[in-house]
Amino acid sequence: LCVKHGNTLYVSGITASDLTGDIKQQTEEVLDEIDSILARRKTNKNSILSATIYLADMGDYGAFNAVWDEWIIDSFEPCRSVVEAKLATEEYRVKIAVIAAV
């Protein structure tokens, strides 16, 4: 799930566990899980250096981005890449990996 090396935490691609939801619900769940992982490692979303977001359908970009923009704190936006990708199952709408300072 995550690996710490020096003062850097690498969080693998996180997906939602409730796959019945739309992109908004799945994104909220994934971001909540990232918050939890970072908190357990004594850091938070303000320390995220970069994020890679995999969307099953780039048509979901607007809805995803609205949730992301509500979650991220102004002046703490990490470098970010958003790509369309075929995910492990067709129920997955989003997968997010982050690198954070600790």
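Visitor: Why is leucine 1 called exposed?

Guide: In this predicted model, leucine 1 has a relative accessible area of 61%. Exposed means over 50%, so leucine 1 earns the word with its 61%. You will find leucine 1 in the segment before β1, which covers residues 2–5.

Visitor: What does leucine 1 touch, leaving aside residues up to four places away in sequence?

Guide: Leucine 1 touches Tyr10, Val11, Ser12, Ile14, Glu33, Ile37 and Arg40. Contact here means heavy atoms within 4.5 Å. There is also a pair to look for with alanine 97: the two residues are 96 apart in sequence, and their C-alpha atoms are 9.7 Å apart in space.

Visitor: How do you know that lysine 42 and serine 75 are exposed too?

Guide: The same cut-off of over 50% applies. Lysine 42 has 73% relative accessibility, so lysine 42 counts as exposed. Serine 75, with a relative accessible area of 67%, is also exposed because that value is over 50%.

Visitor: What is notable about phi in lysine 42?

Guide: Phi of lysine 42 is near 65 degrees, a positive value in a residue other than glycine. Lysine 42 sits in the loop between α1 and β3. Serine 75 also has a positive phi without being glycine, near 75 degrees, and its place is the loop between α2 and β4.

Visitor: How do you know that the length of α1 agrees with its number of residues?

Guide: Helix α1 has 18 residues, and at 1.5 Å a residue they should span 26 Å. The expected span uses one less than the number of residues. The end C-alpha atoms of α1 are 26 Å apart, so the two values agree.

Visitor: Which residues of α1 are called buried?

Guide: Buried means under 20% relative accessible area. In α1 the buried residues are Ile23, Gln26, Thr27, Glu29, Val30, Leu31, Ile34, Ile37 and Leu38. They pack against β1, β2, β3, α2 and β5. As for direction, α1 lies across β1, β2, β3 and β5, and runs at about 25 degrees to β5.

Visitor: How do α1 and α2 pack together?

Guide: Helix α1 (residues 23–40) and helix α2 (residues 61–71) pack at an angle of about 35 degrees, with axes 9 Å apart. On the α1 side, the contact is made by Ile23, Lys24, Thr27, Glu28, Leu31, Ile34 and Asp35, while α2 brings Ala63, Phe64, Val67, Trp68 and Trp71. Sorted by class, this contact has eight nonpolar, one polar and three charged residues. The crossing of the two helices is right-handed.

Visitor: Why are β1 and β4 said to stand at the edges of the sheet?

Guide: The open sheet has five strands in the order β1-β2-β5-β3-β4, with mixed pairing. β1 and β4 each have a single partner strand, so one side of each is left without a neighbour in the sheet. On average, neighbouring strands are turned by 10 degrees against each other, direction ignored.

Visitor: What makes β3 and β5 a pair?

Guide: Two strands pair if there are at least two bridges between them. β3 (residues 48–55) and β5 (residues 94–101) have seven bridges, so they pair, in the antiparallel sense. Among their bridge partners, leucine 55 goes with valine 94, and serine 50 with isoleucine 99.

Visitor: How many bridges join β3 to β4?

Guide: Six bridges join them, and the two strands run parallel. One of the partnerships is threonine 52 with serine 81 in β4.

Technical notes:
Residues numbered from 1 in each chain as written. Predicted model: local features only at pLDDT ≥ 70, side-chain atom pairs only at ≥ 80, totals over all residues. Heavy atoms only, no water. Axes fitted to C-alpha atoms, helices over the stretch in contact; angles between N-to-C directions. Helix = DSSP H or I, 4+ residues; strand = E, 2+ residues; numbered from the N terminus. Left-handed = near helix turned anticlockwise from the far one by under 90°. Nonpolar A, V, L, I, M, F, W, Y, C, P; charged D, E, K, R; others polar. Buried < 20%, exposed > 50% of the residue type's maximum accessible area, 1.4 Å probe, protein only.
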